[in-house]
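Q: Please take a close look at one part of this protein, the surroundings of a single aromatic side chain. I should like one connected account that begins there and then moves outward to the neighbouring elements.

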Amino acid sequence: AKTSEFNYVKNAPAYSGLKKRKYTVEKPDIEILQIKTERLDSLITCEEKIDFIKIDVEGGEFDVLKGAEALLKRDQPIVIFECGLGSSEFYDTKPSELYRFLSKFNYKLYTLSGFIKKKNPLQEVDFEKIYNNNSEYYFIVEAKWAINYSSGAWIPNFSIKSFSSFTYTASDGNKKSMFLTLNAVSTSTTSICTIAPGVSSL
């Protein structure tokens, strides 16, 4: 962990973050706080299975993802994040670099609305255009998965088409990861299957 400055915007708390950004209030009242920051790869052990991540850190989303590289490679969780002009450029985020980073983990990128409407994933040029036009802020990535029926292992051949819900389970008193029921369609055949990963501790 390291100590970093955090810009707490008293009259617009939702815009607070590690770096100053564009604000909707005319005169932002900012208090500088000293906080500890740490990579997700340092916080989460290999024994903890993560299925879903939601990131909203007012522009620093790419930095969060880079700090979770091992987790993304190992667990390939679904990730919802914000990205757009007005905040992301203050962290030197380049849409092409973000797109290529996510592609390393076999991720497909969608706008959140496009994913819900079951549209095709975005190409790099599409993502750059959306970013530069500031036409959408909310995105989701999902990996192509498949089940090896003999071992139960995940392999990258299926594309998720829908999911029913995310539900916390804490019957034993411990916080659990979100349970997913996913409808997946093979990218190499016409077969369809329902995938229900188990619930794991967070």
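**Phe105 and its surroundings**

A: Phe105 has a relative accessibility of 6% and counts as buried, because any value under 20% falls in that class. The model is a predicted one, and every value below is computed from it.

Phe105 belongs to a cluster in which ring pairs link it with Phe62, Phe101 and Tyr107. One member of this cluster also has a charged partner: the charged end of Lys66 sits over the ring of Phe62, at 4.5 Å from the ring centre. Another member, Phe101, lies in helix 4, which covers residues 95-103. Within this helix, Phe101 is buried, and so are Pro95, Ser96, Leu98, Tyr99 and Leu102. A general point about helices helps in reading such a list. An α-helix has 3.6 residues a turn, so residues three or four places apart point the same way.

What, then, covers the buried residues of helix 4? The cover includes three helices, namely helix 2 (61-66), helix 3 (69-75) and helix 6 (124-133). It also includes strand 4, strand 5 (107-111) and strand 6. Several of these elements can now be taken in turn.

Strands 4 and 6 come first, through their aromatic side chains. The whole structure contains seven aromatic pairs. Among them is the pair of Phe81 and Phe139, which is stacked, with 5.9 Å from centre to centre and 25° between the planes. Phe81 lies in strand 4 and Phe139 in strand 6 (residues 138-143), so this pair ties together parts that are 58 residues apart in sequence. Phe81 counts as buried at 2% relative accessibility, and Phe139 likewise counts as buried at 1%. Phe105, the starting point, pairs with Tyr107 in an edge-to-face arrangement: the centres are 6.5 Å apart and the planes meet at 70°. Tyr107 is also buried, since its relative accessibility is 4%.

Strand 4 (residues 78-82) holds Glu82 as well. Is Glu82 buried or exposed, and which side chain of opposite charge is nearest to it? Glu82 is buried, and the nearest such side chain is that of Lys54, 4.6 Å away. Glu82 has no salt bridge, because a salt bridge requires the nitrogen and the oxygen to be within 4 Å. Leaving out residues up to four places away in sequence, Glu82 touches Ile55, Asp56, Glu61, Tyr137 and Tyr138. Asp56, one of these contacts, does form a salt bridge with Lys54, at 3.8 Å from N to O. Asp56 counts as partly exposed, with 36% relative accessibility.

Helix 3 is the next element of the cover. Glu69 forms a salt bridge with Lys104, and the closest N and O atoms are 2.9 Å apart. This pair links distant parts of the chain, for Glu69 is in helix 3 while Lys104 is in the loop between helix 4 and strand 5, 35 residues apart. Glu69 is partly exposed at 31% relative accessibility, whereas Lys104, at 53%, counts as exposed. A further salt bridge joins Arg74 to Asp75, with 3.3 Å between the closest N and O atoms. Arg74 is partly exposed, having a relative accessible area of 31%, but Asp75 is buried, with a relative accessible area of 8%. A search of the whole structure finds nine salt bridges.

Leu71 also lies in helix 3, and it is buried, its relative accessibility being 1%. Apart from neighbours within four places in sequence, Leu71 is in contact with Asp41, Ile44, Ile50, Ile53, Gln76 and Pro77. Leu71 and Thr45 are separated by 26 residues in sequence, and their C-alpha atoms are 8.8 Å apart in space.

The protein as a whole provides the setting for these details. It has six helices and ten strands, and 40% of its 202 residues are buried. Among the contacts with a separation of 6 or more, 61% join residues that are 24 or more positions apart. The exposed area is about 11400 Å², of which carbon and sulfur atoms supply 52%.

Terms used. Residues numbered from 1 in each chain as written. Predicted model: local features only at pLDDT ≥ 70, side-chain atom pairs only at ≥ 80, totals over all residues. Heavy atoms only, no water. Helix = DSSP H or I, 4+ residues; strand = E, 2+ residues; numbered from the N terminus. Buried < 20%, exposed > 50% of the residue type's maximum accessible area, 1.4 Å probe, protein only. Lys, Arg positive; Asp, Glu negative; His and termini not counted. Contact = heavy atoms within 4.5 Å. Phe/Tyr/Trp six-rings, centres within 6.5 Å; stacked < 30°, edge-to-face > 60°. Lys NZ or Arg CZ within 6 Å of the ring centre and 35° of its normal. Areas by Shrake-Rupley, 256 points an atom, 1.4 Å probe, with all protein chains shown as cover.
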